[in-house]
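Colleague: I'm new to this one and would like a close look at a single part. Could you pick out the unusual backbone spots in the loops of one chain and walk me through them?

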Amino acid sequence: MSHFRFSRRWRAGGVLCAVLLSLLGGEASHAAKKPQRAQAVRNANPEEQLTDIYQELSRNRLRAAQQKADALVAEYPNFRLGHLVRGDILLMHTRAVGMLGAAVPPGSDAKLADLRREAAVRLQAAEPGRPSEALLPRALLQMRKDQKHALIVDAKNSRLYLYENRNDQVRLLQDFYVSQGKLGINKLKEGDMRTPVGVYYIIGHLPGVKLPDMYGKGALPLDYPNDWDKVQGRSGSGIWVHGTPPETFSRPPLSTDGCVVVSNDDLNFLTRTVEIGKTPILIGDQVEFVSKEQMERDLRVASELVENWRRDVESRDDTSLKALYSPRFKSAADEDVSTWLDKNRFLPGAKKIVVKVSDTSYFRQPSHEEVIVSNFTQQIVVGKFRHAVRKKQYWAKEGKSWKIVAESNV
Amino acid sequence: MKIKTAQTTLYRALVSAGIVATIVITAPARADEMADVGKLVKAGKVSEALNKTNEYLAKRPADPQMRFMKGVLLAEQNKPEEAIGIFTKLTEDYKDLPEPYNNLAVLYAAKGDYERARVTLEKAIRTNPSYMTAYENLGDIYGKMASQAYDKALALGSNSAPVASKLTLLRSFSSSTGAKPVAQEVVAVVPASASARPVAAGAQPPLISAIPPNTSQPSAPQRIPALSVSPPPAAPPKVAAAPAGVPTPAPVVAKPTPAPVSPPAPVKIAAAPTPTPAPAPVKIAAAPAPLPTPAPAPVKAAPTPVAAPFKPAPVAVAQAEPAKPAKVEPPKPAKPDTSERDAVLAQVNGWAKAWGAQNVDSYLGYYSQQFEPPKGQSRKVWSDERRARIEGKGHIRVEVGAPEVTVNGNTAKVTFRQTYESDRLTARSRKTLVLIKNGGKWQIKQESSGS
């Protein structure tokens with residue numbers, strides 16, 4: 001059978017659809033004669049539906065696209081981007097639509113620009129954006145066994161990845177559209193409308209009912225500023241992952257005061273998934289996906305750093321140990337390296353000590369600045385005495401070598 | 001030139017499981033042949049069907065229905081160029097049949113020539129003013145819905161009260177669908193399309209009558225296109241350029257039917273079916289531009305130049321048009337003097353042009369001193385506002401479509417379909433200008449929109 005069809009009946013609609021051929025390109029199947037029923041939309045989130053709609057359009061199936069757009073806004077009446085796309089599709093019945101929101105009357109330029117950005121980000125994430133199964137997130141060098149999940153915020157692509165950690169394997173569970181600070185990332189100080197870059201943890205849950213409307217269904221606070229931020233003098237607080245107010249399904253990509261905002265559906269899902277105090281959330285604009293081999297190399301580097309440190313502590317080689325710390329180093333109490341090390345010395349008079357490091361995690365900050373954050377339990381055994389402390393170290397690459405820039409005992 | 005068979009009524013039917021659109025001719029003999037071809041197609045024997053069609057065409061080369069069939073079959077056989085040839089020829093010979101245009105468009109589209117496909121489809125729509133109006137109205141509805149959708153997208157709230165509707169009411173039945181509704185019939189005729197239509201062939205207005213058996217059957221609801229009753233030849237000038245090649249007053253036969261209009265006449269239809277010779281605001285535009293010979297003369301209808309509301313479609317026209325549209329002009333009672341009308345129209349066109357060119361001084365110059373600005377504004381306020389509006393746009397395009405002119409002494413009234421397009425907005429509306437003659441020059445005294 002030929003790949004095109006003649007219309008057998010006069011129906012304006014059919015013809016109008018065909019007019020569309022001119023703007024959509026692609027092959028010239030006669031537009032949606034029998035529009036397929038939009039498949040059950042129950043499980044498709046709005047973004048998937050949006051992608052589906054665009055696929056229909058690229059296949060010249062205007063009617064199917066229309067139906068799906070209708071269904072989308074019926075199901076998510078606050079999904080503004082859905083309305084925008086639906087508006088375009090309505091116009092496509094009669095005229096060429098060159099770009100998203102082509103016929104939006106002037107006066108809402110900023111809002112329109114926001115929606116366009118959101119669309120770009122969402123559509124891009126759908127296909128080319130998703131990391132391949134074979135690749136691993138470089139940031140998650142090694143998770144602790146009992147950390148079941150990790151979140152990675154890709155600020156460049158307005159995306160939040162939720163990884164599952166099971167049997168020492170990480171696996172992408174889902175990814176979400178997120179909004180970030182109006183001025184992007186690299187938070188430095190209070191009120192700068194930026195989202196911080198770094199390795200953080202979800203440290204709480206605030207249910208929506210206790211919060212103002214703008215936080216939507218709730219919030220998951222982060223531990224910004226972390227030790228490294230403090231060393232750097234970064235200020236500000238109250239960086240949360242939270243939901244959206246009732247009047248809108250999602251917010252523009254760059255629209256928050258520094259928080260990471262997801263839709264309420266997504267927030268609910270994340271709230272059910274994360275573990276307070278355990279789940280890390282890594283934020284940055286250099287989220288990379290690499291091969292298993294690359295991961296292993298990176299992990300080797302990271303674990304050698306901690307191993308060197310352990311050895312120096314064990315052998316009480318202060319010179320060598322101190323050399324592992326950066327001149328920039330400062331403790332939380334604003335102490336320098338020597339003070340800090342003195343304070344952490346255990347039974348200085350002992351002849352021989354044994355230092356063990358266990359339950360280690362390594363995360364690589366997904367940013368230009370190369371920082372590895374390691375968490376581990378340090379156990380010192382001196383004869384019959386044992387002392388265990390949970391440590392967090394921030395290693396930054398300075399020139400060719402890695403140095404500890406911040407350290408704390410948890 | 002072309003028409004051999006006087007009695008050709010075409011209607012659409014489903015052939016072969018409904019893949020193929022085709023026009024079936026009602027003359028029994030041919031119906032048989034057609035049925036044979038249909039059977040072959042249904043049986044998947046396309047080349048046999050094609051042979052049969054060729055045989056038939058050898059005898060009656062002009063037969064439009066068979067030619068159409070041949071085009072369809074060639075297309076089925078993946079011979080688009082040949083099929084295009086056939087359909088192109090058909091559109092030349094039967095300008096008011098939408099089907100060949102449609103199929104032609106499909107073939108163009110298959111080649112990736114979307115622009116030409118678009119233009120061709122627009123021609124298909126233009127074969128019938130009612131389609132055209134419906135199409136435009138549909139476009140307006142889509143536009144309105146889109147604007148609502150945009151409002152929601154931008155969270156503008158619903159503060160925009162519905163603007164006065166631009167939708168156009170059809171005030172008469174088109175003259176191109178020259179017949180009464182064909183009842184459903186033998187083959188499963190698609191309800192919406194069951195319009196019988198005359199083959200408009202050149203000079204002789206063919207008799208339409210021959211609608212097969214059961215005309216009696218009441219029309220299905222909503223069958224707008226079929227309802228037409230052509231205006232009696234009485235008021236020729238009014239029926240401004242009917243669409244291409246339509247034998248102006250579709251004759252006799254149609255008349256007696258105050259067609260089955262009655263029951264579910266859809267909202268759109270305002271005027272009753274009574275064949276009022278009224279100045280039908282027949283939508284199809286005799287594009288006003290190429291004036292001097294003003295549109296009205298029903299004669300020059302043929303090569304409908306791109307009608308107003310559509311985007312300029314330069315390309316396509318090249319393709320087929322010139323051929324042989326037998327514009328044999330039935331000597332109509334020549335309308336005596338059209339010079340005043342011409343002058344009025346020229347002014348209206350000049351006005352639109354100045355507007356489009358954003359030449360505000362010139363534009364304002366078309367308004368008479370007696371012009372009454374809307375909303376009781378002073379002339380000054382009004383003209384400042386106009387200036388700001390017009391100069392503020394990136395570009396403007398204004399088209400005057402299907403103008404109807406009534407001249408009464410020193411007053412003239414022009415009603416037309418205005419297509420306004422700027423970088424921000426596209427709007428179509430009906431517009432009425434009242435002009436008065438001042439010192440030999442026609443100027444606008446009143447401007448109003450809406451139907």
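Unusual backbone spots in the loops

Modeller: Sure, let's start with A:Asn186, which sits in the loop of chain A that runs between strand E6 (180-181) and strand E7 (198-201). Keep in mind that this is a predicted model. What catches the eye at A:Asn186 is its phi, near 70 degrees, a positive value in a residue other than glycine. Most residues other than glycine have a negative phi, and most peptide bonds are trans. As for its surroundings, A:Asn186 has 19 other C-beta atoms within 10 Å, so it is partly exposed; being buried would take 20 or more.

Further along the chain, A:Arg316 also has a positive phi, about 50 degrees, although this residue is not a glycine. You'll find A:Arg316 in the loop of chain A between helix H9 (292-315) and helix H10 (318-323). A:Arg316 counts as partly exposed because it has 15 C-beta neighbours inside 10 Å.

The last spot concerns a peptide bond. The bond joining A:Tyr224 and A:Pro225 is cis, with omega about -10 degrees. A:Pro225 belongs to the loop that links strand E9 (218-221) to helix H7 (227-231) in chain A.

So, when you turn the model around, look for the positive phi at A:Asn186, the positive phi at A:Arg316 and the cis bond between A:Tyr224 and A:Pro225.

Key. Residues numbered from 1 in each chain as written. Chains lettered and ligands numbered in written order. Predicted model: local features only at pLDDT ≥ 70, side-chain atom pairs only at ≥ 80, totals over all residues. Helix = DSSP H or I, 4+ residues; strand = E, 2+ residues; numbered from the N terminus. Buried ≥ 20, exposed ≤ 12 C-beta atoms within 10 Å, placed from the backbone.
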